[in-house]
Amino acid sequence: MSLLTLSKLSVTLQRRDVLRDVCFEIGSGELVGLIGPNGAGKTTLMRASLGLVPFSGQSSLASLPEAERAKHAAWMPQSREVAWPLSVQTVVMLGRIPYLSSMLAPSEEDHAAVEGALAQMDLVHMRDRAATRLSGGEQARVLIARAMAQQTPLLLADEPVAGLDPAHQIATMQSFKALTDVGKSCLVSLHDLGLAARHCTRLIMLGKGGLVADGPPSEVLTKARLAEVFGITAWYQTTDDGPVYQPLDVVK
Amino acid sequence: MRLMGMLSALVVVLFLGSLVIGPAGIGPAESLSALINGDGGPLTLVMREIRLPRALLAVMIGASLGLAGAAMQGYLRNPLAEPGLIGVSGSAAFGAVLAIHTGAAAAFALALPLTALLGAAVGVFVVMALAGPGGTSLSLILAGIAVSALAAALTSLVLNLSSNPFAANEIVFWMMGSLADRSMTHVWLALPFMIVGWLLLSRLGRGLDALTLGEDAAQAMGVRLGRLRLGLISGVTCVVGAGTAVAGAIGFVGLVVPHILRPLVGAHPSRLLWASALGGAAMVLAADIAARMILPSRDLKLGVVTALIGAPLFLHLILKLRRERI
């Protein structure tokens, strides 16, 4: 079953071609890493596929009505914004807004979704703390939990692990993996190619305003592409402990 | 819920206080029975024609300012936002000033509130045209500031060109904001607009909650930002325009009340809406009672009292915020 279909998606922002003719499809049970250098259009691609920026072409998500789309895909933007000192569990409850007519009367199901997300992101012990007083990494976990509480078949997250400590980076990727085990899918933009190689089932590489490669990590992360798109050399090996990837040097 | 109960009780007590306190020096029981039973005597007249409209307007205007302030702060995600920010009170005041200056207000009692309402409508129309159809809050703030500045400049121009010192005096006093000598006509004039505004603003709660996480996240949760903004602007225009039309500009209520109550509702934007409505009503009732009791012979203006209470309160909050941030 396809959860997201993009065909010939192009975005032009202020007369600059940001993306041209991007086509791909995400089925169920996939953890897709979206990789590419700064300015390659990762954020724009995700926002356009949700219909948050004007684009040409087709996106199956953007063509849904707003209320419907909110039950189909959750979005965690890169800007970690929590405007008011709400408690952690209230912020996570905000993820239930698509299902609620008012935040004042959540149902058993809503509470269960929030509890699940809090436990998943290791936040139970800080549930009553004000989200604005947490550290940057802790806030990121709260916002990931918020997106998870939306319980959508598809989750889009823009650099969700940036600023997290190593243990929580790995735990977060494993949480995304756990979602794919029950048939959901995640599209996650990442700068850490090591995490991407290790945890993602599939990588989509963007560069120079378009899609460069799409496939399993071992096929996408070739020496030639890394040199061309990222300008780096790297060591990549499938070991007994799974795939290991280590960037080495900048291509001069 | 307990907070709402306490705020409601406070509003009821202050409302009754506003009814029974006055220069006539009549006992509370006697005043209230004259109000309810209506023996046709002078006391009934005082209660029904002077004190009741005054207390009712204090509740209506206070609730409007509190609600509009909470909605504006929630929408702009800024604790310094206030209802006047989108230019409504400035343009309503300009309309009223024109009515006083041209003498229309003296010729026809309702000319002043009606031109004020017209001013609010024109001002907000310009704001919406300037801000454009998009959903971002920045363009709305900029358009609001531009219209407020223009309305203030035009008001100053009228004062500047006013050849009649009495008219100029009246304009200055009117702009301070007051509930003195208002009648039930003013209540009936403002009430329909305010009810529409309250309904529009009360529907924003869910969207304001979602906006806590930013415009992008809110939109992805199914909130239509354009519609939210339209509801906010129309709601604020209705309540603040009507309030300014009947009582002049009363500052600080919409700024301070949401700020004080925010920690008490767990910073929840939707819960803050109604708490601020009650808190605003209580603050304006209290300020109006104070205005009558402190200098009974000098007609102290309500807007002056709210500013005198509001500014130090606001300073205190800023100092508290500064301590917390360190």
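Reader: What covers the buried residues of α9(B)?

Author: In this predicted model, the cover over the buried residues of α9(B) includes α3 (42–76), α6 (111–131), α12 (225–247) and α14 (269–294) of chain B. The buried residues of α9(B) themselves are B:His186, B:Ala190, B:Phe193, B:Met194, B:Gly197, B:Trp198, B:Leu200 and B:Leu201.

Reader: How do you know that the span of helix α9 of chain B is close to what is expected?

Author: Helix α9 (residues 184–202) has 19 residues, and from its first C-alpha to its last it reaches 26 Å. Set against the 27 Å expected at 1.5 Å a residue, that value is close. There is nevertheless a bend of about 35° in α9(B) at B:Leu191, and a proline, B:Pro192, follows within four residues.

Reader: Why is the span of α6(B) said to agree with what its 21 residues should give?

Author: At 1.5 Å a residue, the 21 residues of α6(B) should span 30 Å, and because the end C-alpha atoms are 30 Å apart, the two values agree. Just after α6(B) comes B:Gly132, which has a positive phi near 80°.

Reader: Which helices do the buried residues of α6(B) pack against?

Author: They pack against α4, α5 (104–107), α7 (137–161), α9 and α12 of chain B. Among the buried residues of α6(B) are B:Leu112, B:Pro113, B:Ala120, B:Val124 and B:Ala131.

Reader: What makes helix α13 of chain B largely enclosed by the rest of the structure?

Author: Of the nine residues of helix α13 (residues 253–261), eight are buried, and therefore the helix is largely enclosed by the rest of the structure. The buried ones are B:Val253, B:Gly254, B:Leu255, B:Val256, B:Val257, B:Pro258, B:His259 and B:Leu261.

Reader: Why is B:Phe252 called buried or exposed?

Author: A residue counts as buried if 20 or more other C-beta atoms lie within 10 Å of its own, and B:Phe252, with 22 such atoms, is therefore buried. B:Phe252 lies in the loop between α12 and α13 of chain B, and although B:Phe252 is not a glycine, its phi is positive, at about 75°. Most residues other than glycine have a negative phi.

Reader: How do you know whether A:Gln151 is buried or exposed?

Author: The cut-off for a buried residue is 20 or more, and A:Gln151 has 21 C-beta neighbours inside 10 Å, so A:Gln151 counts as buried. A:Gln151 is found in the loop between α5 (136–149) and β6 (154–158) of chain A, and it has a positive phi of about 45° although it is not a glycine.

Reader: Why is A:Ser2 called buried or exposed?

Author: A residue is exposed if 12 or fewer other C-beta atoms lie within 10 Å, and A:Ser2, with 10 of them, is therefore exposed. A:Ser2 lies in strand β1 (residues 2–13) of chain A. Leaving aside residues up to four places away in sequence, A:Ser2 touches A:Glu25, A:Gly27 and A:Ser60. The C-alpha atoms of A:Ser2 and A:Ile26 are 5.7 Å apart in space, although the two residues are 24 residues apart in sequence.

Reader: What makes A:Thr12 partly exposed?

Author: Exposed needs 12 or fewer and buried needs 20 or more, so A:Thr12, with 14 other C-beta atoms within 10 Å, is partly exposed. A:Thr12 also lies in strand β1 of chain A, and, not counting residues up to four places away in sequence, A:Thr12 touches A:Asp17 and A:Val18.

Reader: At what angle do helix α4 of chain B and α12(B) pack, and how far apart are their axes?

Author: Helix α4 (residues 88–102) of chain B packs with α12(B) at an angle of about 35°, and their axes are 9 Å apart. This crossing is right-handed. The residues of the contact divide into seven nonpolar, four polar and no charged.

Reader: Which residues of α4(A) and α5(A) meet?

Author: A:Ala113, A:Val114, A:Ala117, A:Leu118 and A:Gln120 in α4(A) meet A:Ala145, A:Met148 and A:Ala149 in α5(A). In this contact seven residues are nonpolar, one is polar and none is charged. The angle between these two helices is about 145°, with their axes 8 Å apart.

Reader: How many residues of chain A are in contact with chain B?

Author: There are 24 residues of chain A in contact with 21 residues of chain B. Helix α2 (residues 66–72) of chain A gives the most to its side, with four residues.

Note on methods: Residues numbered from 1 in each chain as written. Chains lettered and ligands numbered in written order. Predicted model: local features only at pLDDT ≥ 70, side-chain atom pairs only at ≥ 80, totals over all residues. Expected span 1.5 Å × (residues − 1). Bend = angle between axes of the 7 residues up to and from the residue. Contact = placed C-beta atoms within 7 Å. Axes fitted to C-alpha atoms, helices over the stretch in contact; angles between N-to-C directions. Left-handed = near helix turned anticlockwise from the far one by under 90°. Nonpolar A, V, L, I, M, F, W, Y, C, P; charged D, E, K, R; others polar.
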